[in-house]
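Me: I'm new to this one and would like a close look at a single part: the inside. Could you walk me through what is packed in there and where space is left over?

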Amino acid sequence: MHSTPTLTHCPYCALQCGMGLARDPAGAEAGGGLTVVERPDFPVNRGALCGKGRTAPEVLSSRVRLTEPLIRSHATGRLEPATWEEALDKIAEGLARTRGEHGPDACGVFGGGGLTNEKAYSLGKFARIVLGTSQIDYNGRFCMSSAAAAHQRAFGLDRGLPFPLEDIPKTGCVILVGSNLAETMPPALRYLTELRANGGKLIVIDPRRTKTAEQADLHLAPRPGTDLALALGLLHLVVAEGRTDETYIRARTSGWEQTRAAAMAHWPELVERITGVSVPELRETVRLFCEPEAAMVLTARGPEQQAKGTDTVGAWINLCLATGRAGRPLSGYGCLTGQGNGQGGREHGQKADQLPGYRKLTDPAARAHVAGVWGVDPDSLPGPGRSAYELLDALGSDIRSLLVMASNPVVSAPRAAHIEGRLRSLDFLAVADVVLSETAQLADVVLPVTQWAEETGTMTNLEGRVLLRRKAVQAPAGVRSDLEVMHELAARLGGTAGVGEGLEKKFPTDPEEVFEELRRASSGGPADYAGISYRRIAEEDGVFWPCPATDGTGPDADADADAGADAGADGAQHPGTPRLFLDRFATDDGRARFVEVAHRPAAEEPDGEYPVLLTTGRVVAQYQSGAQTRRVAELNAAAPGPFVQLHPQLAARLGAAEGDALAVVSRRGRAVAPARITAGIRPDTVFMPFHWPGEGRANTLTNPALDPVSRMPEFKVCAVRVERAERVDGANGPGANGS
């Protein structure tokens, strides 16, 4: 008989689907004694779960997860079991030695978009006041940074979706750009099927005919790297056909004249030549988007993971603004954030240029506010550091020691073989993770830390809804939380911010205590959490930020939080903000900003030596670098290894049959995987999923060319050649996970 379930959320994507975890006394150890129970009343997923969510407890098993610290032996060169005291001392010694010999910026910190808000907040604080380093960034830079930068430029505020998911089925048309929602977040597909059931239209833009594209009223398959030209061509037609909303443009925007002129240089026939999308398809897209009263554009990694990703997203925002489809009910632009806490992770300080509350590290007032909460001198806080790829690329030279939490760049970084080499060149590497990932296998010290069901903490989903994960099971005896790790390292390292002894007191191990401090640090900032408490989140199925505290209350008040510190003197409290921009945008003048953009080629175009385009992505049964999902038997059975998806025409030219070993070669390296032949991809393009290490590692091939604004690498397009290979190395399969 199952126990009363603990209400919590899935550990994977940014939907953060609601689920329950019940103790099953007769349950298999593979599931940690826990059984997943549906939560049909939770509004985001309404009980639906994908295979990853259903099988999530299997990663709790001691057979697949880390249960004791590991230190690399000088004698054997292998990672060997150690005590926690030995491991923490070793990390403190390594970081202190680097700081003493080379200065604080020789110490790097690399975080993850799966960390809770409390841990992401503490990690940024740890880097800046314990290590005194500017060199901190996180893997979310590889995910949503271009959309975030475009949001900031146009609207003055970045939140993935400015409206709740429940609005999507009620609009008239959705243009979905570069998202295979059916596989990356399957429970969200119902919002698109409900849209069509309600009479709305779905347009999917993807170079592959994915499971999501099969649901569309219209599927456009542009050449990879040409989404910017496509958006400009659509805006040209909107102007030419007289479909702009001039009243809205005058009342709520600025910068239209320059943007219109730029769009008019991208006439339909030119855009057809660049993208491969026909002029009739362009015209039909404009008709479907403009005819209903309300419409949305949603983007994901396809247009964002490009060296021009910020401008590409900006072009889609321009389309929304020109047609009056932003800041109005059931209309707007939104980004489908990928990682579990990809939204919260970029709000509270683990990003190279930010302080908690989405404050700018270069803003003196922001520095003063956060330094006041932390009890340090504002002048002691370092300035902005390197972005994620630039930080990894500097390993072994400017950066000599690195602390990694919840990230696996050996598999997930672009030009991955090079980054693996940079990690190997470090003087010292420490990794805190749930499993022995490919990155952890390179470390000098590995710390086993708690995961989702073993700890409490908040996450912020793609809607900007702050959620509460609850602890459901005790972690194994040899496992500690990331918060405990930072507390203990602070005690050993001291600080560079003039704090003196007792620095560990600034790093609580209780997540709710950390969240209360986060509320104070975020108060008054763009991402204001001051009016949010654990109690409110539990009572309201999450609270949307911004949610400022009401007068005389919030985390700075003397009132007891349990007694309603987030309520005003009259009992009122800020309701949170499910829908942004309905009255004004978050710019100084309240107007959305058009941004003039123009098409430019990908950083690397095909040529005689590398004549084919490679694009990368995910499959439904695996997640990100696969460090956790590759340890689940059911998921491995569904997706046992990498593959090369190619068109029959290309396969015929190569003389390749289904399952034959193919080598995909770029200027950065070579990957080998079996052929998967389908007419559902462009003849000039191949696709590889990026979840696996070894010979089939897709990111061995990808181009680290960076967007000049967001510093996003160009994962989604590079030039390759494809050739027959002798074999496919079995190391790409489920056994290649370090377990």
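Reply: Here is a walk through the interior, starting with the core and then moving on to the empty space and a few loop residues.

Keep in mind that this is a predicted model. The largest nonpolar core has 111 residues, and F155 and W316 touch the most other members. Looking past its neighbours up to four places away in sequence, F155 touches I317, L321, A326, Y333, F581, F585, A586, T587 and A592. Apart from that core lies another one, made of 56 residues, including V435, V473, V619 and I681.

Now for the gaps. Rolling a probe the size of a water molecule over the atoms shows where empty space is left. Here the count comes to 4 cavities of 30 Å³ or more. Take the second largest cavity, which holds about 100 Å³ of space. Its lining is made up of 17 residues, and P162, F163, G327, S331 and L580 are the ones nearest its centre. Sorted by class, that lining has 11 nonpolar, 3 polar and 3 charged residues.

Loops can be worth a look too, so let's go through three residues.

T323 sits in the loop that runs between α13 (309-322) and β13 (332-335). Its relative accessible area is 7%, and because that is under 20%, T323 counts as buried. A polar atom of the T323 side chain lies 3.2 Å from the backbone oxygen of C320. Leaving out residues up to four places away in sequence, T323 touches V238, R243, D245, F289 and C290.

G542 is in the loop between α21 (534-540) and β21 (543-544). With a relative accessible area of 7%, G542 is buried as well. Among residues more than four places away in sequence, G542 touches R465, V466, L467 and I537. As for G199, G542 is 343 residues from it in sequence and 30 Å from it in space, going from C-alpha to C-alpha.

Finally, S73 belongs to the loop between β4 (70-72) and β5 (79-81). The relative accessible area of S73 is 16%, so this residue falls under the 20% cut-off and is buried. The S73 side chain reaches the backbone nitrogen of A75 at 3.1 Å. Setting aside residues up to four places away in sequence, S73 touches R78 and E80.

So, to recap the loop stops: T323 is buried, G542 is buried and S73 is buried.

Methods
Residues are numbered from 1 along each chain as its sequence is written. This is a predicted model: local features need pLDDT of at least 70, side-chain atom pairs count only at pLDDT 80 or more; totals for chains, interfaces and linings use all residues. Side-chain values use heavy atoms; hydrogens and water are left out. Helices (H or I, at least four residues) and strands (E, at least two) are DSSP runs, numbered from the N terminus. Buried means under 20% relative accessible area, exposed over 50%, partly exposed in between (1.4 Å probe, protein chains only). A polar contact is a pair of N or O atoms within 3.5 Å; within protein, one must be able to donate a hydrogen and the other to accept it, and residues adjacent in sequence count only if both atoms are side-chain atoms. Contact means heavy atoms within 4.5 Å. On a 1 Å grid over the protein atoms alone, a cavity is a set of points where a 1.4 Å probe fits but cannot get out, and a pocket is an open set with protein on both sides within 12 Å along at least five of seven lines; lining residues have an atom within 4 Å of a point. Grid points are joined across faces, edges and corners, and a volume is the space filled by probe spheres set on the points. Ala, Val, Leu, Ile, Met, Phe, Trp, Tyr, Cys and Pro count as nonpolar, Asp, Glu, Lys and Arg as charged, and the others, Gly among them, as polar. A nonpolar core is a set of buried Ala, Val, Leu, Ile, Met, Phe, Trp, Tyr and Cys residues joined through side-chain atoms within 4.5 Å.
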